[in-house]
Amino acid sequence: MPYAAFRSIGAYVPPNVLTNEDLTKMVDTSDEWITKRTGIKERHIAAKDEKTSDMGTKAARKALDRAGMQPEDIDMVVCATISPDYFCMPATATIISANLGIKNATAFDISAACTGFIYVLSIAKAFVESGMKKNVLIIGAEKLSAITNYQDRGTCILFGDGAGAAVITATQKREEAILDVHTASDGSYADLLMTPNGGSGSVHDALDRETAGCYMQMKGNETFKVAVRTLTQDVRDILEANGIKSDEIDHFIPHQANYRIIKAVGDALKMRDDQVVLTVAKYGNTSGASIPMAINDLYESGNLKKGEMMLLDAFGGGLTWGSALVPFAPFE
Ligand code: ACO
């Protein structure tokens, strides 16, 4: 049976920056409140005509180049997004495939909000280990600014745009294998985080659909409590299941939603500061893109080395959550 190896990482961040100061001109908030409650200082916002697939394509191209692979090598493309180019179809993954010149590959999107990248990682691992696919391109890409209500101070201060991508390939080497991926959900909390309109569950008329109902709505405080509790337990479980202690992890790369959530989970697991990767201050919450963007930052800073063990964890709308133990395994 082949194992699945995490070969490369890439990311794209749109150049336009929206600072906390900028937001004070849009809603009743302050830099002090946002910084204290979330740790976010700024986020990047895509251009009006820049689509999720455009960002995903740029991130994916980097990941492919770094893996030394050609478009024709890829036999599956999976994109995690809650802000796809088009509401129902075509899938963003098919558009990214076309942009990259990837032909005849299986391509689809998945919707698991901020846990999206862990979900696509689990899908890639399963397909590669089963022998059904050899080289899988996984992407987390979000234009959250397109589904954010910039009159709602409870959400608009949190979210940003960007994309990250990774190449997962088959290997026979046990030491390169993605060790484990946990994914889970609880739909009874669906109303904590949702975009209520636009789908078959929509109860509003066409006019409403064009306004507030298509934007994200969140019960932030309740979500916060469930996030800390669930993530701490989930990370404990994956470490215990694999006989790994938290101090053996080289890089703890959590979903970047809120500094306080990351700190609470990190403290509960006795993570040292130098183990924890933090990008929330400069990118805000980019949902499914946040973990690969953080891995890419670590890589580009020269601090992600071959063989180092990454612990990923995420929590998001659904509710969904998950974690993964992933050694970085670039080709020689
Ligand atoms: N500026 C100033 N005041 C504000 C703002 C703001 N931007 N937003 C809310 N407030 C006010 C509220 O109105 C409230 O005022 P009140 O006490 O007079 O009623 C007060 O601040 C406290 O509000 P809370 O919502 O209780 O603040 P909290 O400390 O919980 O922080 C936050 C809010 C940052 C949203 C936090 O709850 C959070 O991070 N939640 C989790 C988010 C998350 O992890 N989501 C999952 C992933 S996202 C996804 O999947 C797409």
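## Ground rules

Helices (H or I, at least four residues) and strands (E, at least two) are DSSP runs here, numbered from the N terminus. By that definition Leu-319 sits in the loop between β12 and β13, and we'll come back to it below.

This is a predicted model, so local features need pLDDT of at least 70 and side-chain atom pairs count only at pLDDT 80 or more, while totals for chains, interfaces and linings use all residues. Residues are numbered from 1 along each chain as its sequence is written, and side-chain values use heavy atoms, with hydrogens and water left out.

## The chain as a whole

The chain carries 11 helices and 13 strands. With 332 residues, a compact globule would have a radius of gyration near 20 Å, and the 19 Å of this chain agrees with that; the radius is taken over C-alpha atoms, and the globule rule is 2.2 Å times the number of residues to the power 0.38. Along its principal axes, the C-alpha trace spans about 55 × 45 × 35 Å.

Of the 332 residues, 55% count as buried, meaning under 20% relative accessible area (exposed is over 50%, partly exposed is in between; 1.4 Å probe, protein chains only). Take contact as heavy atoms within 4.5 Å: residues 24 or more positions apart then account for 78% of the contacts with a separation of 6 or more.

As for charge, there are 33 positive and 42 negative side chains, and the centres of the two sets lie 2 Å apart. Lys and Arg count as positive, Asp and Glu as negative, with His and the chain ends not counted; each charge is placed at NZ of Lys, CZ of Arg, CG of Asp or CD of Glu.

## Two nonpolar cores

A nonpolar core is a set of buried Ala, Val, Leu, Ile, Met, Phe, Trp, Tyr and Cys residues joined through side-chain atoms within 4.5 Å. The largest one has 35 residues, and those with the most contacts inside it are Phe-6, Leu-121, Ile-138, Ile-253, Ile-295, Met-310 and Leu-312. Elements giving two or more residues to this core include β1 (3-12), β6 (135-143), α11 (290-300) and β12 (309-316). Helix α5 supplies the largest share, eight residues.

Leu-312 is a good place to start looking: leaving out residues up to four places away in sequence, it touches Ile-118, Leu-121, Ile-253, Ile-291, Ile-295, Gly-322, Ser-323, Ala-324 and Val-326. A second, separate core of 24 residues includes Leu-269, Met-271, Met-309 and Leu-325.

## Backbone oddities

Most residues other than glycine have a negative phi, and most peptide bonds are trans. Now for the exceptions. A cis peptide bond joins Met-89 and Pro-90, with omega about 0°; Pro-90 is in the loop between β4 and α4 (92-100). Another cis bond joins Gly-318 to the Leu-319 mentioned earlier, with omega about -10°.

Ala-113 has a positive phi near 50° and lies in the loop between β5 (106-110) and α5. At 11% relative accessibility, Ala-113 counts as buried. Ser-287 also has a positive phi, about 50°, and belongs to the loop between α10 (280-283) and α11. Its 1% relative accessibility means that Ser-287 counts as buried too.

## A look at Leu-100

Leu-100 is in helix α4 and, at 9% relative accessibility, counts as buried. Neighbours within four places in sequence aside, Leu-100 is in contact with Thr-57, Ala-60, Arg-61, Leu-64, Pro-71 and Leu-137. Its C-alpha atom is separated by 40 Å from that of Arg-272, 172 residues apart along the chain.
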